[in-house]
Amino acid sequence: MTTGIHSADPCKGCRETVRPSSERIAALVEKIRKQSDRVLVTEEEYNKRLALCRSCESLQYDSTCKHCGCLVEIRSLQQESDCPYPFASKWRMHEGA
Ligand code: SF4
């Protein structure tokens, strides 16, 4: 079965020139951590999700998921977020692993 999405395809909405610096991403992560209305994952879960993203063929520019256009450092942080990999969340596939 083909999804029509190939790992070599670039994200349609993003280009490398829009990639934020690692300092900017770190500042955004810190800002979200300080917001009390957000339910965040544990540090262990956060690191697990990021490790999966970093080994995923859908990660672009070392920062952005090509399926949702999100910065993975931000998306991985939030409890209600899930991995948008087609047909099966990579994060949920590895839950409890
Ligand atoms: S959110 Fe899912 S599909 Fe996107 S880069 Fe991470 S593991 Fe890959």
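**Helices, core and ligand shell of the predicted model**

Helix α1 covers residues 22-34, and at 1.5 Å a residue its 13 residues should span 18 Å; the C-alpha atoms at its ends are 19 Å apart, which agrees. This is a predicted model. Not much sits on top of α1: the helix is hardly covered, and the count of buried residues among its 13 residues is zero.

Stepping back to the whole chain, the secondary structure comes to four helices and two strands. Read from the N terminus, the elements run α-α-β-β-α-α. Of the 97 residues in the chain, 19% count as buried. As for how the chain meets itself, take the contacts between residues at least 6 apart in sequence: 57% of them join residues at least 24 apart.

Helix α2 is next along. Its 12 residues, 43-54, should span 16 Å at 1.5 Å a residue, and the end C-alpha atoms are 16 Å apart, so expectation and model agree. The buried residues of α2 are Arg49, Leu52 and Cys53. These residues cover an arc of only 100° around the axis, which puts them on the same side of α2. Turned away from that buried side is a face with the exposed residues Glu43, Glu44, Asn47, Ala51 and Arg54. What, then, covers the buried residues of α2? The cover includes both β1 (59-60) and β2 (64-65), along with α3 (72-75) and α4 (90-93).

Two of those α2 residues, Leu52 and Cys53, turn up again in the largest nonpolar core. This core has eight residues, and the others in it are Cys65, Leu71, Val72, Cys83, Tyr85 and Trp91. Trp91 ties back to α2 as well: with neighbours within four places in sequence left aside, Trp91 is in contact with Arg49 and Leu52, and also with Asp82 and Cys83.

The ligand draws on several of these core residues. Around the ligand are Leu52, Cys53, Cys56, Ser58, Leu59, Cys65, His67, Val72, Cys83, Pro84, Tyr85 and Lys90. Sorted by class, this shell has nine nonpolar residues, two polar ones and one charged one.

Leu59, one of the residues around the ligand, has its place in strand β1. Is Leu59 buried, exposed or partly exposed? With 16 C-beta neighbours inside 10 Å, it counts as partly exposed, because the buried class starts at 20 and the exposed class stops at 12. Not counting residues up to four places away in sequence, Leu59 touches Cys53, Arg54, Cys65 and Val72. Leu59 and Gly69 are 10 residues apart in sequence, and their C-alpha atoms are 9.6 Å apart in space.

Two loop residues have backbone angles worth a look. Asp62 lies in the loop between β1 and β2, and it has a positive phi of about 60° although it is not a glycine. Asp62 is exposed, with 11 other C-beta atoms within 10 Å. Phe87 is found in another stretch, the loop between α3 and α4. Its phi is near 75°, again a positive value in a residue other than glycine. Phe87 has 6 other C-beta atoms within 10 Å, so it is exposed.

Key
Residues numbered from 1 in each chain as written. Predicted model: local features only at pLDDT ≥ 70, side-chain atom pairs only at ≥ 80, totals over all residues. Near = placed C-beta within 6 Å. Nonpolar A, V, L, I, M, F, W, Y, C, P; charged D, E, K, R; others polar. Expected span 1.5 Å × (residues − 1). Arc of directions from axis to C-beta. Contact = placed C-beta atoms within 7 Å. Core = buried A, V, L, I, M, F, W, Y, C linked by C-beta atoms within 7 Å.
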